[in-house]
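Reader: I should like to understand how descriptive terms are justified for a protein model. May I put some questions about the one shown here?

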Amino acid sequence: MTNSPAPHANRVAVVTGASSGIGEAAARRLAASGAAVALVARRADRLETLAKEIERDGGTALVLAADVADADAMRAAAAEVEAKLGRADLLFNNAGVMLAAPIDELATGDWQRMIDVNMTGLMNAIGAFVPQLVASAAEKGVADLVNTSSIGAQAVFPSFAVYVASKAYVTHLSKNLRADLGPKGVRVAAIEPGLVETELQGHVTDAGALEWLDGVRETLTWLKPADIAETVAFLTSLPARVNLQQITVMPTAQV
Ligand code: NDP
């Protein structure tokens, strides 16, 4: 499969967080290798522009402006994908938000936002699309659920406890979902990137965290979103028997 020029031909890929960063790059990459892509995020204008670019390059894209924290909206999105593109057989479950929230400042709104998007939103997408993934795997022999975790799932980052804990949830959930979905032909993977140049850090306002981010920006070369997109394309085009379950992708100089 990996040697084919269009290894994702005849596949229907749903990408959450497709309006910027890693999700946008993954949507472009999967479309370029033949998948019809469904683009999920809240910023409809960004998704429309991306869809036009994908279609200009010969691909197929469907815009689904939705908040992943809204379970009804995600179920409606899943129905629209099935009706317009056919059953999804790949979910790149990637939407996320990172806020620095030093615990003693009790920024409970920021805690809740990370839980709502990174955990509840992730589950809403899983709930909406797993029936299609299972049915696709039964029909085609394989389907993919790829969740975006973070190196934070394995590490300690001061001021980011809630964020990294939400990502530890993603990694451990992914490992456990393999027990339920692997026997049904659905591969489950968690990708744990280190620092990637995206809009993610733009939401951080805490002075100490900003100082740390500025420091690591100056001293090392960060990954690009395309690096993670390539990883997604690789693991979802392996032979059906191969499930890379957990992949940590680090900038070479990040320790
Ligand atoms: P970006 O901020 O560039 O992208 C985040 C995406 O998530 C956007 O498309 C945004 O779209 C979407 N999103 C956020 N909230 C919601 C919501 N409520 N509903 C739907 N979509 C939402 O950052 P990245 O590309 O870096 O982030 C992608 C993933 O990678 C995240 O899960 C992040 O935690 C993870 N990650 C990133 C790392 C990095 O260094 N950049 C490192 C490790 C992991 P919109 O605002 O339009 O809704």
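Author: Please do, and bear in mind that this is a predicted model. A suitable starting point is the salt bridge between Glu199 and Arg46, whose closest N and O atoms are 2.6 Å apart.

Reader: Why is the contact between Glu199 and Arg46 called a salt bridge?

Author: The term requires a side-chain nitrogen of Lys or Arg within 4 Å of a carboxyl oxygen of Asp or Glu. Arg46 and Glu199 have their closest N and O atoms 2.6 Å apart, so the pair satisfies that cut-off.

Reader: What parts of the chain does the pair of Glu199 and Arg46 tie together?

Author: Glu199 belongs to the loop between strand E6 (186–193) and helix H6 (207–219), while Arg46 is in helix H2 (residues 44–56); the pair therefore ties together parts that are 153 residues apart in sequence.

Reader: Why is Glu199 called partly exposed?

Author: Partly exposed lies between the limits of 20% and 50% relative accessible area. Glu199 has 33% relative accessibility, so it counts as partly exposed. Arg46, at 31%, also counts as partly exposed.

Reader: What makes Arg11 and Asp89 a salt bridge, and are these residues buried or exposed?

Author: Their side chains meet at 3.3 Å, N to O, and the cut-off is 4 Å, so the term applies. Arg11 lies in the segment before strand E1 (12–16) and Asp89 in the loop between helix H3 (71–84) and strand E4 (90–93), so this pair ties together parts that are 78 residues apart in sequence. Both Arg11 and Asp89 are buried. By contrast, Arg56 and Asp57, which also form a salt bridge, are both exposed.

Reader: Which residues are joined with Arg11 and Asp89 into one network?

Author: Lys140, Asp144 and Arg187 are joined with them, through salt bridges that share partners. The whole structure holds 16 salt bridges.

Reader: What makes the phi of Asn10 worthy of remark?

Author: Most residues other than glycine have a negative phi. Asn10 is not a glycine, yet its phi is positive, at about 65 degrees. Ser159, likewise a residue other than glycine, has a positive phi near 80 degrees.

Reader: How do you know that Asn10 is exposed?

Author: Exposed means over 50% relative accessible area. Asn10 has a relative accessible area of 69%, so it is exposed. Asn10 lies in the segment before E1. Ser159, in the loop between strand E5 (143–148) and helix H5 (161–181), has 27% relative accessibility and therefore counts as partly exposed.

Methods: Residues numbered from 1 in each chain as written. Predicted model: local features only at pLDDT ≥ 70, side-chain atom pairs only at ≥ 80, totals over all residues. Heavy atoms only, no water. Helix = DSSP H or I, 4+ residues; strand = E, 2+ residues; numbered from the N terminus. Buried < 20%, exposed > 50% of the residue type's maximum accessible area, 1.4 Å probe, protein only.
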